[in-house]
Amino acid sequence: MTKKLGIFRSANTTAEGPWSRHALSLAVVMVATGSVPGESFAALTYAGNCQMCHGAYDSGSGATAGGMAPALKGAKKNASATRAAIAAGGTMGTMGASWSDADLNAVALEIGGAADLGAPTPAPTATPTPAPSATPAPTTTPAPTATPAPTGTPVPTPKPSPTPAPTATPRPSPTPAPCADEARPEIDTIPSPWDANAGKELRFTVSALDCDDDSLTIKAKGLPSGATLTQEFDPDVRKQIATVSWTPGPEAVGTVHTVVFVAVDKDGNGHKKSVSIPRWTAIRVWPANTTPEAGAVEIVAIQRAQWSAGQSQLLLTGRIKFSRILTKSERQSLVADPVVITDATTHEVIGQANASVSGKWSARIPLDGGKVPCSVAVDFHGEMGSRPVKRAPSQCN
């Protein structure tokens, strides 16, 4: 039942370390480009900065729960409410000082709130260009009637000299587009998230371009302890290339590090001129020799298993514990597959259940009284759980 998640990026792993029965290797990422999905950023930003206080978002209740601070519900989940909390100062102001309206809108949507900051400017209506009137074709002039040649000795007509072909005019070389005045440097899009394994080096690059060819430096904020950032200029592509290297230890397993990169250019005198728009990415740490697919589901539990003789139904409820470093889209991909319910003794499949993104599931399975199992088992992406059936008949299987 294990489903592959096609949205993970990971590094090769050879070091040994404790984990469950899943043990696969990740490929070392050297250089990658692509879009940073807003949803991945929002889920990781909320998990890394907000979830400890306000708790995880529960789609069933429409609010957050389980944190040290009051739960977020109703208008408190909106982006404008978060902006107000940042303006009020305190810990929230420190963490969210650099968040843009777009960032806050993405986080609000992740927890079921309204993206109510800013409003897109409508594009100007294009003025249609009138089609040119067709030029009428000229009237054909009839050829004149040939005059008969006079009788006599014809004089040969000399052949005309051939007209020399005109010399081809060379095309001018295209003029490169000039840089705008005071052009800011720009960092290329960075993939996210990056998946690392304990004991194995993760390496990826970040590139930046300055249109004026000024001296550039790429800076990073939020790199995990022990990570290094080295850089050099690549003259072939006219870009500054920064390389991030980090080998996480076992204590880093289960952590998510949100890292922001900026490029700073300097003039000929070494003075700072401008700073690029920030680019975000995230680094997640998995146990040694564990792929994100294998570590995504930690526990599958049956919380209730009871036989209802009056309804002739087996009533089940349960919970799936996902790795806390998964994004919402990754959990959605996992729960597209059902929880499979079996007789724990005969291993016969007796039903299925669909789980929510938060991991909750339930099932009502009609059964003949003589086929009620004494205990049931569940399987979800290779993780299993079991429980005795309460009030099962004495002749249970």
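Partly exposed, as used in these legends, lies between buried, under 20% relative accessible area, and exposed, over 50%. The model shown is predicted.

**Figure 1. The disulfide of Cys374 and Cys396 in close-up.** The structure holds one disulfide. Cys374 and Cys396 form it, with their sulfur atoms 2.0 Å apart. Cys374 sits in the loop between β16 (360–366) and β17 (375–380), and Cys396 in the segment after β18 (383–388), so the bond ties together parts that are 22 residues apart in sequence. The S-S torsion of Cys374 and Cys396 is about 95 degrees, so the disulfide is right-handed. Cys374 has 27% relative accessibility and therefore counts as partly exposed. Cys396 also counts as partly exposed, at 21% relative accessibility.

**Figure 2. The open sheet β15-β14-β17-β18.** Four strands make up this sheet, and their pairing is antiparallel. β15 and β18 are the edge strands, each pairing on one side only. On average, neighbouring strands of the sheet are turned by 25 degrees against each other, direction ignored. At one end of the strand order, β17 and β18 pair over six bridges in the antiparallel sense. Which residue of β18 does Ser375 stand opposite? Ser375 faces Pro388.

**Figure 3. The hairpin of β14 and β15.** Strand β14 covers residues 339–343 and strand β15 covers residues 349–353. The two pair in the antiparallel sense over four bridges. Ile341 stands opposite Gly351 in β15. How many residues lie between β14 and β15 in the hairpin? There are five. His347 is in the turn and has a positive phi of about 65 degrees.

**Figure 4. The buried side of helix α3.** Helix α3 runs over residues 79–87. Its buried residues are Ala79, Thr82 and Ile86. These three cover an arc of only 60 degrees around the axis, which puts them on the same side of α3. The spacing fits a general rule: an α-helix has 3.6 residues a turn, so residues three or four places apart point the same way.

**Figure 5. A salt bridge between helices α5 and α3.** Asp101 forms a salt bridge with Arg83. The closest N and O atoms of the pair are 2.9 Å apart. Asp101 belongs to helix α5 (residues 101–110) and Arg83 to helix α3, so the link joins distant parts of the chain, 18 residues apart. Asp101 is partly exposed, with a relative accessible area of 33%. Arg83 is partly exposed too, with a relative accessible area of 25%. In general, side chains of opposite charge can pair when their charged atoms come close.

**Figure 6. The salt bridge of Asp195 and Arg284 and its network.** The side chains of Asp195 and Arg284 meet at 2.8 Å, N to O. Asp195 lies in strand β4 (residues 194–197) and Arg284 in strand β11 (residues 279–286). The pair links distant parts of the chain, 89 residues apart. Are these side chains in buried or exposed residues? Asp195 is buried, with a relative accessible area of 0%. Arg284 is buried as well, with a relative accessible area of 0%. Glu330 joins Asp195 and Arg284 in a network of salt bridges.

**Figure 7. A salt bridge between strands β13 and β12.** The side chains of Lys321 and Glu298 meet in a salt bridge, 3.7 Å from N to O. Lys321 lies in strand β13 (residues 313–322) and Glu298 in strand β12 (residues 297–308), so the pair ties together parts that are 23 residues apart in sequence. Lys321 counts as partly exposed, at 46% relative accessibility. Glu298 is partly exposed, with a relative accessible area of 31%. The structure holds six salt bridges, including this one.

**Figure 8. The whole chain, for orientation.** The secondary structure of the protein chain comes to seven helices and 18 strands. Of its 397 residues, 38% count as buried. Among contacts in the protein chain with a separation of 6 or more, 65% are between residues 24 or more positions apart.

Note on methods
Residues are numbered from 1 along each chain as its sequence is written. This is a predicted model: local features need pLDDT of at least 70, side-chain atom pairs count only at pLDDT 80 or more; totals for chains, interfaces and linings use all residues. Side-chain values use heavy atoms; hydrogens and water are left out. Two strands pair if DSSP finds at least two bridges between them. A disulfide is a pair of cysteine sulfur atoms within 2.5 Å. Buried means under 20% relative accessible area, exposed over 50%, partly exposed in between (1.4 Å probe, protein chains only). The arc is that of the directions from the helix axis to the C-beta atoms. A salt bridge is a side-chain nitrogen of Lys or Arg within 4 Å of a carboxyl oxygen of Asp or Glu. Axes are lines fitted to C-alpha atoms, for helices over the stretch in contact, and angles run from 0 to 180 degrees between N-to-C directions. Contact means heavy atoms within 4.5 Å.
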